[in-house]
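I'm opening a fresh page for this one. Let me pull it up before I write anything down.

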Amino acid sequence: MDSEQARTWQVQRFAQRQRFLPSHTCQEESLIQMKEIVKVFENAAGKFTALKGVTACFDAGEFVSIVGKSGSGKSTLVNMLTGIDHPTSGSVRVGDTYIHQMSENDMSLWRGANLGIVFQFFQLVPTLTLLENVMLPMVLVERIPAAERETRAQALLEMVGLGAVAEKLPAAVSGGQQQSAAIARALANDPPILIADEPTGNLDTRSADEVFDLFTRLIEQGKTILMVTHDPQLARRTTRTLLLSDGELINPWIAAAFPEMGHSQLLWLTHQMKPAVLGRGARLSNLEMAPGLLVVSGGELVIGDARHGEREIQLEAGAFLCAEDLHTIAEQGLQVSAGAAHGCELLALDEAAFSAWLQHDRAAEAGLERCGSDFNLRWGMGV
Ligand SMILES: Nc1ncnc2c1ncn2[C@@H]1O[C@H](COP(=O)(O)OP(=O)(O)OP(=O)(O)O)[C@@H](O)[C@H]1O
Ligand SMILES: [Mg+2]
């Protein structure tokens, strides 16, 4: 790899990382706030904890994808928002409404007016035409005046490209068209938020792209969309990705730093890496621990040569350094310090824990294969 290639590669890596970067931590003004959500399912076989204290917030206008292996808790999480299910503990607020406290009746009225829900298997009423399917939520919620419902339903179907087949039954159109009709139905009462659980899971690539493009247009119109997906290509095109593993959220900075790492290793790091802050210009050696792995989670970390000021590399949020990198840095007589402008926020794992982890978990090593050996290439530093 020559230095130009190395630079391009580095830029691509950062671009890829961006998708995991949280726009912010939870704020009071977030449109949707899910706090410490625990969900325990109980059945004859015993208890199963599907969500283990998930906290997540979403701003108005965000297009967020929710990814994770099958069984990681994606549907359970979005069902807490739609009110299809209730948390065992924790709170869910949408706008000013605490929905985890609502009765079933209030919830279904609130949901009809405020959320559009799209499922993998469309769930259109088979005996109603597409037009009637789209009108149905308007009839249930009674927010759109009766005289306007048909015109509005027709306009929504036209928006999703189904104007000409409005009078057909669901079975008479393709899967992609059924899903488009289901999206039109979700928009019937003009809800600000759309929640979609694998909306493209049952579609061919072309139809999936069309549904995704439709979502993109809705975002441009000011909607907020949360979309569960198994498709990494689609997830990459959303503005932010939440990664669930075993009922917990992976720290987004850790997910960003190690895109090739397995989910259980990412979860282990999420549990073990501790936050640390370095003030403006402070040396890394000021940390109380000897780090084996560092992920930048805010501000900048600067690798510089005290003698030749021009050899300076700035690591931004989502970048990482491992023990081998740190040894190379020390060997080359370089210094690592927090940026002079903002200081630096880090997630750090101490060296002993890091090397013990690498010894007992081979998969961890695979996820870190760029560590150390290609340090100079990685940061474009010639020795
Ligand atoms: N009603 C239920 N009773 C018992 N266990 C449940 C129930 N619903 C879900 N689970 C369990 O909770 C875990 C999370 O399920 P969930 O459906 O949220 O996963 P998911 O990430 O949406 O998976 P998929 O990608 O397959 O849709 C799974 O282990 C599942 O078996
Ligand atoms: Mg699911």
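Below are my notes on a ligand shell, a small set of strands and one helix.

**Before starting.** I'm working with a predicted model here.

**Ligand 1.** I looked up what sits around ligand 1 first. The shell has F41, N43, F48, A50, G68, S70, G71, S72, G73, K74, S75 and T76. Which element gives the most to that shell? I found α2, with three residues. I also noted that β1 (32-43), β2 (46-58) and α2 (74-82) each supply at least two residues. Sorting the shell by class, I got three nonpolar, eight polar and one charged residues.

**An open sheet.** Next I went to a sheet of three strands, which is open and ordered β14-β13-β16, with antiparallel pairing. Why do β14 and β16 have one side without a neighbour in the sheet? Both β14 (312-315) and β16 (335-338) stand at the edges with a single partner strand each, so one side of each is left free of a sheet neighbour. I also checked the turn between neighbouring strands: it averages 20°, direction ignored.

**The β13 pairing.** I then followed strand β13 (residues 301-304) and counted four bridges to β16, the two running antiparallel. Along this pair, G304 stands opposite Q335 of β16.

**Helix α10.** Last stop was α10, residues 263-272. Which of its residues are buried? I wrote down Q265, L266, L267 and L269. What do these buried residues pack against? My list has the strands β9 (240-245), β10 (248-249) and β17 (344-350), plus the helices α9 (252-257) and α13 (362-367).

Note on methods
Residues are numbered from 1 along each chain as its sequence is written. Chains are lettered from A and ligands numbered from 1 in the order in which they are written. This is a predicted model: local features need pLDDT of at least 70, side-chain atom pairs count only at pLDDT 80 or more; totals for chains, interfaces and linings use all residues. A residue is buried if 20 or more other C-beta atoms lie within 10 Å of its own, exposed if 12 or fewer, and partly exposed in between; C-beta atoms are placed from the backbone. Two residues are in contact if their C-beta atoms, placed from the backbone, lie within 7 Å. Two strands pair if DSSP finds at least two bridges between them. Axes are lines fitted to C-alpha atoms, for helices over the stretch in contact, and angles run from 0 to 180 degrees between N-to-C directions. A residue is near a molecule or strand if its C-beta atom, placed from the backbone, lies within 6 Å of it. Ala, Val, Leu, Ile, Met, Phe, Trp, Tyr, Cys and Pro count as nonpolar, Asp, Glu, Lys and Arg as charged, and the others, Gly among them, as polar.
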